[in-house]
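Got your viewer open? Let's take a walk through this chain, one selection at a time.

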Amino acid sequence: MKKAFSYRFYPTFQQELLLRRTLGCVRLVYNRALAVRTEGWYQRQERIGYAQTNSLLTGWKRQEEFQFLNEVSCVPLQQSLRHLQTAFTHFFAKRAKYPNFKKKRNGGSAEFTRSAFKWKESQVFLAKCDEPLKIRWSRQLPSGAEPSTVTVRLNRAGQWYISIRFDEPRNLKLEPVAQSVGLDVGISSLVTLSTGEKIANPKHFNRHYKRLRRAQKALSRKQKGSRNREKARLKVARIHQQITNSRKDHLHKLTTRLIRENQTIAVESLAVKNMVKNPKLAQSISDAGWGEMVRQLEYKCQWYGRTLVKIDQWFPSSKRCGNCGHIVERLPLNVREWDCPVCGIDHDRDVNAAKNIIAVGHTVKVCGATVRPEESKSRKAGAMKQKPKS
Ligand SMILES: [Zn+2]
């Protein structure tokens, strides 16, 4: 079982120089290979794969103008070509958009496999670095864990992080429990549980947002290209990072709790990207980080021996009465509570949806079937035809 922990680290002056150069080379190699692959495809309908780009890299390293590529470890460069390959695989399988060029202002990352770093006495020595990285060990690696890959990352705020991948030596499987739960993306709250509990974002988020707005305003007043603008940009990026960190932290605590308490967790496999386009939902969905939450639940369920059931996004979880099964025609987003016209029961919109989700979740788990409710059959059938088989 693979696991990865991420830590902040503080490079020495020399290390920072080398790492920034490495990220620059990674970006250059990735972008050049992407350009070559794009040209090959659009001009000659030729699919250029990892192997060809890798031999191109060897060629570039021999050229006078790219001599600097030899000054950094070659492993991150090759890894970036592998990442590009993965990006294309996702693109051809219609799971992702066409790969983008990497930009300097977004920071960047470099992946070091086993041959490119040393793990000695719980310290990480990267290739071409004499000193170990000064890592702030915010949590312990389990004893006996052997890192297999480390990824060094520079974020937009200029902070360095290292993610250490290792094989989990312990068995983390939890004792089975009887409870199960359905989750609904809340519009008013972060998530609503089928038990009726509503989980909100922590209160201190609002304070972050106020600071963010102030910093963004200050940034917009600065002259383009000036040093002060760069400073203001860093400040905005740092606040963004703080928000991301505390949101992730909050989600981690929540997903861990849900997994401890429940054997089965049912969620809707929402197309988050489509929903973010809906301005009414945008703030709550992107804030809540629904995609991140499902991602965490997915891998934690694997670690801890729980089941995650993802429900078809066309299942009318909100419009269906959890009591009698009646499906109402319309349920606008601003309706928080409604009465079922058939059985007369009073519903809280989100709680009812969460209850429907766990009910369907049980059916899926038992029958192993995909749930395709009558209402949306035609839409689904149309969509299915275009989907490539995976
Ligand atoms: Zn009803």
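Start by selecting glutamine 79, which sits in helix α3, residues 74-92. Keep in mind as you look that this is a predicted model. Is glutamine 79 buried or exposed? With a relative accessible area of 9%, glutamine 79 is buried, because anything under 20% counts that way. Now show what surrounds it: leaving aside neighbours within four places in sequence, glutamine 79 is in contact with Glu111 and Thr113. For another distance to try, go from the C-alpha of glutamine 79 to the C-alpha of phenylalanine 112: these two are 33 residues apart in sequence, yet 7.8 Å apart in space.

**Across to glutamate 111**

Follow that contact and select glutamate 111, found in strand β2, residues 108-113. Glutamate 111 counts as buried too, at 18% relative accessibility. Which residues does glutamate 111 touch, not counting those up to four places away in sequence? Light up Val75, Pro76, Gln79, His83, Thr149, Val150 and Thr151. Then pick glutamine 78: its C-alpha is 9.1 Å from that of glutamate 111, with their positions 33 residues apart in sequence.

**A long helix and the residue after it**

Next, select helix α1, residues 13-44. Its 32 residues should span 46 Å at 1.5 Å a residue, and the end C-alpha atoms are indeed 46 Å apart, so the two values agree. Step just past α1 and you land on glutamine 45, with a positive phi of about 50 degrees, although glutamine 45 is not a glycine. Glutamine 45 belongs to the loop between α1 and α2 (50-62), and at 54% relative accessibility it counts as exposed.

**A hairpin**

Now pick strands β3 (residues 117-120) and β4 (residues 123-126) together: they run antiparallel and are joined by four bridges. To see one pairing, select lysine 118 and its bridge partner in β4, phenylalanine 125. The two strands make a hairpin with two residues between them, and glutamate 121 in the turn has a positive phi of about 45 degrees. Carry on to lysine 128, in the loop between β4 and β5 (147-154). Lysine 128 is another non-glycine with a positive phi, this one about 65 degrees. Its relative accessible area is 51%, so lysine 128 is exposed.

**The five-stranded sheet**

Time for a sheet. Colour β9, β8, β7, β10 and β11: in that order they form an open sheet with mixed pairing. Which strands are at the edges? They are β9 (198-199) and β11, each pairing on one side only. Zoom in on β10 (residues 264-268), which runs parallel to β11 and is joined to it by five bridges. Here threonine 264 stands opposite threonine 307 in β11.

While you're in this part of the numbering, select helix α4, residues 205-221. This helix has 17 residues and reaches 25 Å from first C-alpha to last, close to the 24 Å expected at 1.5 Å a residue. Its buried residues are Phe205, His208, Tyr209, Leu212, Ala215, Ala218 and Leu219.

**The zinc ion**

Now click on the zinc ion. What are its protein donors? They are the SG atoms of Cys321, Cys324, Cys340 and Cys343, lying 2.3 Å from the ion. The angles that these four donor atoms subtend run from 107 to 113 degrees, which makes the arrangement tetrahedral. In sequence, the donor residues are spaced C-x2-C-x15-C-x2-C. Cysteine 324 is in the loop between β11 (307-311) and β12 (337-339), while cysteine 340 is in the loop between β12 and β13 (346-348), so this pair ties together parts that are 16 residues apart in sequence. Check the accessibility of both: cysteine 324 counts as partly exposed at 38%, whereas cysteine 340 is buried at 3%.

**Zooming out**

Finally, show the whole chain, with its 10 helices and 13 strands. Of its 390 residues, 43% count as buried. Among contacts with a separation of 6 or more, 71% are between residues 24 or more positions apart. Colour by pLDDT and you'll find a chain average of 86, with 88% of the residues scoring at least 70. Your last selection is residues 371-390, where pLDDT stays under 50. Where pLDDT is low, the predicted coordinates should not be read in detail.

Methods. Residues numbered from 1 in each chain as written. Predicted model: local features only at pLDDT ≥ 70, side-chain atom pairs only at ≥ 80, totals over all residues. Heavy atoms only, no water. Donors = N, O, S within 2.8 Å, 3.2 Å for Na, K, Ca; no water. Tetrahedral: all angles 85-135°; square planar, octahedral: opposite > 155°, others 65-115°. Buried < 20%, exposed > 50% of the residue type's maximum accessible area, 1.4 Å probe, protein only. pLDDT = per-residue confidence, 0-100. Contact = heavy atoms within 4.5 Å. Expected span 1.5 Å × (residues − 1). Pairing = 2+ DSSP bridges.
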